[in-house]
Amino acid sequence: MSVHENAKKVTTHVLQEMKEAGEKITMLTGYDYSMARIIDTAGIDVILVGDSASNVMAGHETTLPITLDQMIYHASAVVRAIDRALVVVDLPFGSYQGNSKEALSSAIRIMKESGAHSVKLEGGQEILESITRILTAGIPVMGHLGLTPQSIYKFGTYVVRAREEEEAQRLIEDAKALEAAGCFAIILEKIPAELAARVAKEINIPIIGIGAGNGVDGQVLVVHDMLGINNEFNPRFLRKYHNLYQEMLGSFHRYIEDVRSGDFPNEEESY
Ligand code: KIV
């Protein structure tokens, strides 16, 4: 039996065993109870309560405005839904940068108040002190390198990162530093496939990609994107498994029509 079939509950150790066995790790975002329940039932390994909630749930242009309280609200709903998946929660912008004590207290709040299993932080060597402090408290940490959306105003654009040798080299050093600090996995977002594959080969912890090609240990997508709920977001790396935008629009149109015409509710739908 494979490692993931054998795992009644996914832990950071299970993910490490999956990497060592060459089994791909599956990961999707989740922000609410109902969706997380379906994702967990499908057998996903990891649910990320991403700060992309700021975009897809709250309609903000960037991930910067979401607060720690809001992340805890989303994470609590997801934790109530899952039986098997490992739940990772993003530390939001402003809750960890530049102050490792604040980083630790933010991570503790997430773990205590939501019941999640781990946290994710964006960045490399510049946030190592925060990561180390959180790890010292026994909280598992996932890293996130490459395109880090909380730094969008520094980058200025969402284009592919680390195409140039200098940035690629820095990313490899960052990944090594995160591994040495004790992170249990790293997300690589929107970087060349060849670079991502090299990192996954050189680093012993699981490397999960989004827009980072197929040479990594697993994949993550934003659930609203892969279901095609958002029809305005169509990057090259995204595979859409549904066109829920059209499906839902059609259902809402039919409902409006049925109510207006007096067709709904009929006798069988009435008491
Ligand atoms: O917030 C998020 O959804 C993420 C993924 C894009 C990896 O960080």
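Mentor: A residue is near a molecule if one of its heavy atoms lies within 4 Å of it, and in this predicted model the residues around the ligand include Thr29, Leu48, Asp51, Ser52, Lys120, His144 and Glu189.

Trainee: By class, what makes up the shell around the ligand?

Mentor: The shell has 4 nonpolar, 4 polar and 4 charged residues; Leu48, one of the residues around the ligand, counts as nonpolar because Leu is listed in that class.

Trainee: What makes the approach of Ser52 to the ligand a polar contact?

Mentor: An N or O atom in the side chain of Ser52 is 2.5 Å from an oxygen atom of the ligand, and since a polar contact is a pair of N or O atoms within 3.5 Å, the pair qualifies. Polar side-chain atoms of Asp51 and of Lys120 each lie 3.0 Å from an oxygen atom of the ligand. Taken alone, the ligand exposes 260 Å², of which the protein buries 95%.

Trainee: Why is the aromatic pair of Phe233 and Phe237 called edge-to-face?

Mentor: The planes of Phe233 and Phe237 stand at 70°, and because an angle over 60 degrees counts as edge-to-face, the name follows. Their separation of 6.5 Å centre to centre meets the requirement that centres lie within 6.5 Å.

Trainee: Why does Phe233 count as partly exposed?

Mentor: Phe233 has 33% relative accessibility, which falls between the 20% limit for buried and the 50% limit for exposed, so the term is partly exposed. Phe237, at 26% relative accessibility, is therefore partly exposed by that reasoning as well.

Trainee: Where does the charged end of Arg161 sit?

Mentor: The charged end of Arg161 sits over the ring of Phe155, 3.9 Å from the ring centre, and this distance satisfies the limit of 6 Å.

Notes. Residues are numbered from 1 along each chain as its sequence is written. This is a predicted model: local features need pLDDT of at least 70, side-chain atom pairs count only at pLDDT 80 or more; totals for chains, interfaces and linings use all residues. Side-chain values use heavy atoms; hydrogens and water are left out. Rings of Phe, Tyr and Trp (its six-membered ring) pair if their centres lie within 6.5 Å; planes under 30 degrees apart count as stacked, over 60 as edge-to-face and the rest as tilted. Buried means under 20% relative accessible area, exposed over 50%, partly exposed in between (1.4 Å probe, protein chains only). A charge sits over a ring if NZ of Lys or CZ of Arg is within 6 Å of the ring centre and within 35 degrees of the ring normal. A polar contact is a pair of N or O atoms within 3.5 Å; within protein, one must be able to donate a hydrogen and the other to accept it, and residues adjacent in sequence count only if both atoms are side-chain atoms. Accessible areas come from the Shrake-Rupley method with a 1.4 Å probe; for residues, only the protein chains shown count as cover.
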